[in-house]
Amino acid sequence: MEEYQFYALISRMRYITRWGLMRNTFSENIQEHSHMVAVLAHALALIRRDILGLSAEPERCATAALFHDASEILTGDLPTPIKYFNPEIRQAYKQVERVSGNKLLQMLPAELRESYAPLVHESDESVRAIVKAADKLAAHIKCIEELKAGNAEFESAAEQTRAALEALQMPELDWFTAHCLPAFSKNLDELE
């Protein structure tokens with residue numbers, strides 16, 4: 001009987017910690033992050049489709065978001081200052097991610113690889129754009145939550161992630177930022 005390791009490795013996402021160079025008030029792993037990115041990608045796609053009247057596939061965006069960092073199971077999470085230090089490093093890391101993703105896909109039955117390939121290596125540009133926006137939004141929300149907890153270590157990261165969100169110039173992201181993001185700065189009593 002053939003054995004497939006894909007799902008066992010996916011379950012190990014919880015062991016890969018994010019924000020490795022930062023002092024955190026609470027740690028975040030890529031499994032938790034991927035869940036939040038999926039929630040946000042789904043929300044952004046719904047806003048795009050149902051509020052703005054534009055084309056979007058919320059379920060596809062959410063599913064792609066669940067797997068957007070799957071390659072990091074094998075590579076680990078490379079800190080942003082290193083990953084984006086220069087174009088050569090960024091391109092090399094993209095290649096490492098692609099090889100890692102391909103290795104994960106090989107751990108599936110052949111009959112399932114075609115279904116997972118567009119999730120592990122997102123090929124639809126409209127889905128990729130929404131997942132990328134949700135990924136940046138999740139990072140910004142992490143910064144807001146750290147600042148709310150009194151962790152000034154995240155001040156410059158909050159500014160950088162906010163600028164990155166604004167640079168995307170996506171109407172669904174702008175809508176979310178105006179209508180939903182302020183709630184992340186509130187405590188539980190203020191949310192009720």
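1. Which residue just after α9 takes a positive phi? That would be glutamine 169, with a phi of about 50°. Keep in mind as you look around that this is a predicted model.

2. Let's stay with α9 for a moment. This helix runs over residues 155-168, so to speak, with 14 residues in total. From its first C-alpha to its last α9 reaches 21 Å, close to the 20 Å expected at 1.5 Å a residue.

3. Now look at which way α9 faces. Its buried residues are Ala157, Ala158, Thr161 and Leu165. They sit on the same side of α9, because they cover an arc of only 100° around the axis. It helps to recall that an α-helix has 3.6 residues a turn, so residues three or four places apart point the same way. Turn to the face away from the buried side of α9 and you find the exposed residues Glu159, Gln160 and Ala167. As for what lies over the buried residues of α9, the cover includes α8 (125-148) and α10 (171-179).

4. Helix α7 (residues 110-120) can be read in a similar spirit. Tyr116, Leu119 and Val120 are its buried residues. They are on the same side of α7, because the arc they cover around the axis is only 80°. The exposed residues Ala110, Glu114 and Ser115 are carried by the face of α7 turned away from that buried side.

5. On to the charged pairs. How many salt bridges does the count come to? The count is 6. One of them is formed by arginine 48 and glutamate 172, whose closest N and O atoms are 3.5 Å apart. This pair links distant parts of the chain, with arginine 48 in helix α2 and glutamate 172 in helix α10, 124 residues apart.

6. Is glutamate 172 buried or exposed? Glutamate 172 counts as buried, because its relative accessibility is 1% and buried means under 20%. Its partner arginine 48 has a relative accessibility of 22%, so arginine 48 counts as partly exposed.

7. Next door in the sequence, the side chains of arginine 49 and aspartate 50 also meet in a salt bridge, at 2.7 Å from N to O. Arginine 49 counts as partly exposed, because its relative accessibility is 35%.

8. Helix α8 has a pair to look at too. Glutamate 146 forms a salt bridge with lysine 142, and their closest N and O atoms are 2.6 Å apart. Both residues lie in α8, 4 residues apart, which is about one turn of the helix. Are glutamate 146 and lysine 142 buried or exposed? Both are buried.

9. While you are on α8, find lysine 132, which is in this helix as well. Lysine 132 has a relative accessible area of 42%, so it is partly exposed. Compare its position with that of arginine 60: the two are 72 residues apart in sequence, and their C-alpha atoms are 14 Å apart in space.

10. Last, a look at the surface. Which residues make the nonpolar surface patch? Ile51, Leu52 and Leu54 make this patch, which is about 220 Å². Leucine 54 is found in the loop between α2 (30-51) and α3 (58-66). With a relative accessible area of 35%, leucine 54 is partly exposed.

Key:
Residues numbered from 1 in each chain as written. Predicted model: local features only at pLDDT ≥ 70, side-chain atom pairs only at ≥ 80, totals over all residues. Heavy atoms only, no water. Patch = residues over 30% accessible without salt bridge, like charges linked within 9 Å, V, L, I, M, F, W, Y side chains within 5 Å. Areas by Shrake-Rupley, 256 points an atom, 1.4 Å probe, with all protein chains shown as cover. Salt bridge = Lys/Arg side-chain N within 4 Å of Asp/Glu carboxyl O. Helix = DSSP H or I, 4+ residues; strand = E, 2+ residues; numbered from the N terminus. Buried < 20%, exposed > 50% of the residue type's maximum accessible area, 1.4 Å probe, protein only. Expected span 1.5 Å × (residues − 1). Arc of directions from axis to C-beta. Contact = heavy atoms within 4.5 Å.
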